[in-house]
Protein chains: 2
Amino acid sequence: MATRKPNAKERILETASELFFQKGYSGVGINEIIEKAGTAKASFYQHFPSKESLCTAWLRSIHERSETQRAELLASPEPPGKKLASYFEQLEKFLVASHYRGCPYSNTGAVSDENCPGIVAEILNHKESTRKFLRALAAQAIPDSERAAEVGDRIFLLYSGSTSEAQNLKQTWPVRVARDAAVEMLGR
Amino acid sequence: MATRKPNAKERILETASELFFQKGYSGVGINEIIEKAGTAKASFYQHFPSKESLCTAWLRSIHERSETQRAELLASPEPPGKKLASYFEQLEKFLVASHYRGCPYSNTGAVSDENCPGIVAEILNHKESTRKFLRALAAQAIPDSERAAEVGDRIFLLYSGSTSEAQNLKQTWPVRVARDAAVEMLGR
DNA sequence: CACTTTACAGACAAGTCTGTCTGTTTACAT
DNA sequence: ATGTAAACAGACAGACTTGTCTGTAAAGTG
């Protein structure tokens, strides 16, 4: 027995991604992760120096995925209003599929101590990146660049608020309300 | 020694309020609470059957405080736009004073398990109450009641999003951006 | 075949957590 | 003054936490 399976690191990261997202960073322990990933504890600490570093690896991986999605959307030839609407509709699908677990970054930030600089930095990076994306999308519809930045920021807040409240209320109306408000903002 | 101080329950609740808010529900233990409150563990469990019940008592107490503030604001004779602006400015002061700890309800909801029905109910209650308040405030400026409800919901999302992102970014601009957007929404 | 990398199993340390329990002391009201 | 309620101190149980350590087994490479 003890059949050695390769790619322990990948298995750990995938399992941890699922668990961190569904149960929150502080709600999951190393023991549960390695048990569900089918690895030994020594294998874990060979690849990750600490639980926090596993967390930052997770946040970074989902950040990269969303970055490519956003780049594709920005480059798409559809009208900006339609792209924005479909961005919110993507969010709605994501929230329903994940049982309204909300934003992984905000959730993690709500529990991680101040003495977790790596995690805090990852959250900051992702949030600023989201803001930048929405400003760029707004700029595709609004010529005045100063006004576009302002509208982009407003949409950023609607996006964040709808994610958070859909999580709290376990309902989808916040996302639809935010989508309509955001699209209206673009349309002038 | 062992000078018996009365009002152990109050001291516990006050201490826990401070700690839960600053460090998050899952980041604070019973031992820390009773130590800082200067009570014995037995005294704690005489007043609260569990940590969760202490948490719901905390959430309820701050909910009641904000309810009276909102009732006063709704009844004030100032124009609705001004009231809304000052509601956001209150939020900004609160966030700065608390070192950007964000919304106690959302923060608690991000970590409490699904098997904490009392906490979940308290969050739901507060959030629905906030939504109702903002709908009522919007109705004071918008005659069409259906449109007022829609605008109230949008402001609710701006309010939530600005709180959340001010926490993540540790900056105040989200609150000011949300305030301006919200006031504009009322003004037509 | 020999060597190195990778993963395995699992005990262990040192600390945390919630909650229970026993017993003592203080304050107050009758 | 006597009974009762509330608060005290603190040991204890049992489970959990992160991280370390020792040793072994399997796979790939020269």
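Hi everyone, this is a short tour of one structure, and please keep in mind that the model is predicted.

Let's begin where the two chains meet. Chain A brings 29 residues to the contact, and chain B brings 28. Which helices of chain A each supply at least two residues to the side that touches chain B? They are H6 (104–111), H7 (117–139), H8 (145–169) and H9 (173–186). H8(A) has the largest share, with 12 residues. If you sort that side of chain A by class, you find 12 nonpolar residues, 13 polar and four charged.

Now let's stay in chain A and look at a pair of helices. Two packed helices are described by the angle and the distance between their axes. For H5 (residues 80–97) and H9 of chain A, the axes come within 9 Å and cross at roughly 165 degrees. Angles over 145 degrees count as roughly antiparallel, so that is what we call H5(A) and H9(A). Their crossing is right-handed. Among the residues making this contact are Leu84(A) and Phe88(A) from H5(A), along with Ala178(A) and Val183(A) from H9(A). By class, the contact of H5(A) with H9(A) has 11 nonpolar residues, one polar and three charged.

Last stop: the DNA. Which residues come nearest to DNA strand D? Of the 26 around the strand, they are Gly29(A), Thr39(B), Ala40(B), Ala42(B) and Ser43(B). Chain A gives two or more residues from each of H2 (30–37) and H3 (41–47), and chain B does so from H1 (8–23) and H3 (41–47). H3(B) gives the most, with four residues. The surface near strand D has nine nonpolar, nine polar and eight charged residues.

Thanks for listening!

Technical notes: Residues numbered from 1 in each chain as written. Chains lettered and ligands numbered in written order. Predicted model: local features only at pLDDT ≥ 70, side-chain atom pairs only at ≥ 80, totals over all residues. Contact = placed C-beta atoms within 7 Å. Nonpolar A, V, L, I, M, F, W, Y, C, P; charged D, E, K, R; others polar. Near = placed C-beta within 6 Å. Axes fitted to C-alpha atoms, helices over the stretch in contact; angles between N-to-C directions. Parallel < 35°, antiparallel > 145°, perpendicular 65-115°, else oblique. Left-handed = near helix turned anticlockwise from the far one by under 90°.
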